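Grab a coffee and keep the viewer open. Below is a set of short exercises, each with a solution worked out in steps.

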Amino acid sequence: MVNILLLILIFLLSTVLTIYLVLKKPHFNFKIANKEYKIESYFFGAMLAPILIVLFKFLTYADLRTGLKGTAQLQPLGILILFLSMVFISIFLDITGFFEYCAKLALKIAGKSGTKLFIALYVTVSILTIFTSNDIIILTFTPFIYYFAKNAKINPLPFLIAEFFAANTWSMMLYIGNPTNILIATAFNISFDNYLKWMFFPTILAGITNFILLYLIFKKEINKEIEVIDVGRPIDSIKDKFGAIVGLISLILCIILLAIAPKLKLSMWAVSLIFAAMLLFFIIIRDLIKIILKKYKDKEKIHENLDKHLEHTTANSTLQKIPWTVIPFVLSLFITVYALNIYGITQAIGLFIKNLIGTDIILNIFVYGFGSALSANILNNIPMSVAFVSIITPLSGALQFFVALAVVIGSNLGANITPIGALAGIMWLGILKSKDFTLSFLDFVKYGVLITGITLLVALGTLGLEVLLFI
């Protein structure tokens with residue numbers, strides 16, 4: 001009993017430290033050889049738990065290897081490979097200028113109308129999020145929206161909130177939209193097409209509800225006429241047209257193959273890795289050809305060090321933008337939850353909930369949906385999802401399947417309650433702080449609780465209606 005209490009205390013301490021770092025110290029700055037570096041701090045909080053778990057001998061080194069290797073349900077390396085592979089493809093598309101093209105096209109369509117701009121940005125962010133990643137869209141669009149609003153002399157808040165909420169709502173639709181989707185769907189062996197079949201309508205109705213509520217709240221600000229800024233020809237934003245075409249083809253083919261992977265008996269992480277590797281190979285070959293051609297054109301510099309050229313290659317730029325810190329963060333969480341599993345803590349929570357509310361599918365959908373959304377803002381949505389996998393495990397059949405989807409809904413929409421509910425929110429806050437844009441925690445929560453509470457009801461209610469109609 002003492003061990004269990006100590007383990008819970010370690011988990012809570014690690015969680016509190018992570019939240020503190022996110023809110024008070026999002027980055028660590030340090031120097032190496034007179035060169036300044038900046039690294040995100042949030043994963044250090046997550047790493048505290050496995051360090052203390054090993055020091056107090058809750059787990060042996062053999063247990064650590066088992067925890068990192070994963071089980072039939074949870075395979076941390078496969079989940080990370082799938083997530084990072086899709087992120088790599090999205091980042092390359094961003095570097096080609098494709099996302100900037102989409103943003104400028106939305107601005108061009110809007111003209112002087114603030115309402116049209118709001119609609120155009122919401123729709124653009126929503127569509128791109130479905131097929132790429134909410135994290136990448138938030139990282140790309142946030143500075144763009146901020147600078148445009150500043151130059152157009154309009155309040156950026158409605159557009160920034162709409163972008164953030166849209167990204168975290170529409171990311172529910174596809175398996176690949178959010179790392180939590182990947183984690184939960186993988187754990188319960190939910191196929192790409194089966195996931196989409198049940199999540200399509202909850203996402204559509206949640207997205208529409210989200211948009212209506214955002215519009216009603218910010219109507220006065222949105223309806224103002226904006227000062228037109230010449231964004232030029234949107235197509236000129238694509239600096240690498242051939243690269244954008246190759247990136248888009250890679251993304252589309254990857255999504256199609258992910259959808260049919262179970263029928264071909266292929267692992268989804270293997271499919272995404274193959275496409276990411278092929279794209280990387282294409283980028284490296286093209287970079288090398290450019291360097292060689294440049295060397296032949298400039299005879300005087302033919303003996304220059306190749307490394308100097310490689311610093312500015314597309315491959316290097318793409319790899320540098322990948323959120324590598326997610327690796328120690330996720331692996332630390334898997335070890336922590338593995339310890340909680342071994343000592344029976346997560347299973348006990350699952351059995352307690354099961355005994356408390358019974359096996360009614362509709363009731364479980366709402367309990368787990370709201371429970372996961374709230375828990376995401378205490379633990380962050382990735383550790384919450386890892387923990388909920390073990391909590392859901394005692395359930396079986398259709399009940400387990402629909403509860404898993406309810407947790408997916410909670411993990412996505414829960415990120416809109418507070419800005420620390422997901423990694424996307426942590427990055428979003430960091431970007432706004434770097435632009436000296438002030439948005440207090442309480443101001444965000446004011447919008448988050450109202451909008452997300454209603455949106456959650458709609459999304460979970462839609463999933464419950466699907467159960468009543470089709471099960």
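**Exercise 1. The largest pocket**

Work out how the residues lining the largest pocket divide into nonpolar, polar and charged, and find which elements they come from.

*Solution.*
- Step 1: Sort by class. This is a predicted model, and in it the lining of the largest pocket splits into 15 nonpolar, seven polar and five charged residues.
- Step 2: Get the volume. The largest pocket comes to about 740 Å³.
- Step 3: Go to the middle. There are 27 lining residues, and His27, Glu40, Leu139, Met427 and Ile431 are the closest to the centre of the pocket.
- Step 4: Assign the elements. Two or more lining residues come from each of H1, S2, helix H4 (76-96), helix H7 (134-151), helix H15 (314-321) and helix H21 (423-434).
- Step 5: Pick the top contributor. H21 gives the most to this lining, with five residues.

**Exercise 2. The largest cavity**

Now turn to the closed spaces: find how many cavities of 30 Å³ or more there are in the whole structure, and describe the lining of the largest cavity.

*Solution.*
- Step 1: Count. Searching the whole structure turns up seven cavities of 30 Å³ or more.
- Step 2: Take the largest cavity, which has a volume of about 90 Å³.
- Step 3: List its lining. You should have Phe11, Ser14, Thr15, Thr18, Ala46, Ala49, Phe329, Leu333, Thr336, Leu379 and Pro383.
- Step 4: Map that list. Helix H1 (2-24), helix H2 (42-55) and helix H16 (326-342) are the elements that give two or more residues to it. H1 gives the most, with four residues.
- Step 5: Sort by class. The lining of the largest cavity has seven nonpolar and four polar residues, and no charged ones.

**Exercise 3. The two sides of H17**

Which residues of H17 are buried, and which exposed residues sit on the face turned away from them?

*Solution.*
- Step 1: Check the length. Helix H17 covers residues 345-357, 13 residues, and reaches 19 Å from its first C-alpha to its last, close to the 18 Å expected at 1.5 Å a residue.
- Step 2: Mark the buried residues of H17: Ile345, Thr346, Gly350, Ile353 and Ile357. They sit on the same side of H17 because they cover an arc of only 140 degrees around the axis.
- Step 3: Recall the helix rule. An α-helix has 3.6 residues a turn, so residues three or four places apart point the same way.
- Step 4: Flip to the face turned away from the buried side. There you meet the exposed residues Phe352 and Asn355.
- Step 5: Step off the end. Just after H17, glycine 358 takes a positive phi of about 80 degrees.

**Exercise 4. A covered helix**

Compare the end-to-end distance of H20 with what its residue count predicts, then see how many of its residues are buried.

*Solution.*
- Step 1: Helix H20 (residues 397-413) has 17 residues, so at 1.5 Å a residue it should span 24 Å; its end C-alpha atoms are 25 Å apart, which agrees.
- Step 2: H20 is mostly covered, with 15 of its 17 residues buried.

**Exercise 5. Two buried polar side chains**

Which backbone oxygens do the side chains of asparagine 381 and serine 171 reach?

*Solution.*
- Step 1: Place asparagine 381. You'll find it in helix H19 (residues 381-392), buried, with a relative accessible area of 2%.
- Step 2: Follow its side chain. That of asparagine 381 reaches the backbone oxygen of serine 411 at 3.1 Å.
- Step 3: Place serine 171. This one lies in the loop between helix H8 (157-170) and helix H9 (179-187), and is buried at a relative accessible area of 0%.
- Step 4: Follow that side chain too. Serine 171 reaches the backbone oxygen of alanine 167 at 3.1 Å.

**Exercise 6. Lysines with a positive phi**

Locate lysine 57 and lysine 265, and decide whether each is buried or exposed.

*Solution.*
- Step 1: Start from the usual case. Most residues other than glycine have a negative phi.
- Step 2: Lysine 57 has a phi near 60 degrees, a positive value. Its place is the loop between H2 and helix H3 (61-69), and lysine 57 is exposed, with a relative accessible area of 73%.
- Step 3: Lysine 265 likewise has a positive phi, near 60 degrees. Look for lysine 265 in the loop between helix H12 (241-260) and helix H13 (268-297), where it is exposed at a relative accessible area of 78%.

Conventions
Residues numbered from 1 in each chain as written. Predicted model: local features only at pLDDT ≥ 70, side-chain atom pairs only at ≥ 80, totals over all residues. Heavy atoms only, no water. Expected span 1.5 Å × (residues − 1). Buried < 20%, exposed > 50% of the residue type's maximum accessible area, 1.4 Å probe, protein only. Arc of directions from axis to C-beta. 1 Å grid on protein atoms, 1.4 Å probe; cavity = no way out; pocket = protein on both sides within 12 Å on 5 of 7 lines; lining within 4 Å. Points joined across faces, edges and corners; volume = space filled by probe spheres on them. Nonpolar A, V, L, I, M, F, W, Y, C, P; charged D, E, K, R; others polar. Polar contact = N/O pair within 3.5 Å; in protein donor to acceptor, adjacent residues only side chain to side chain.
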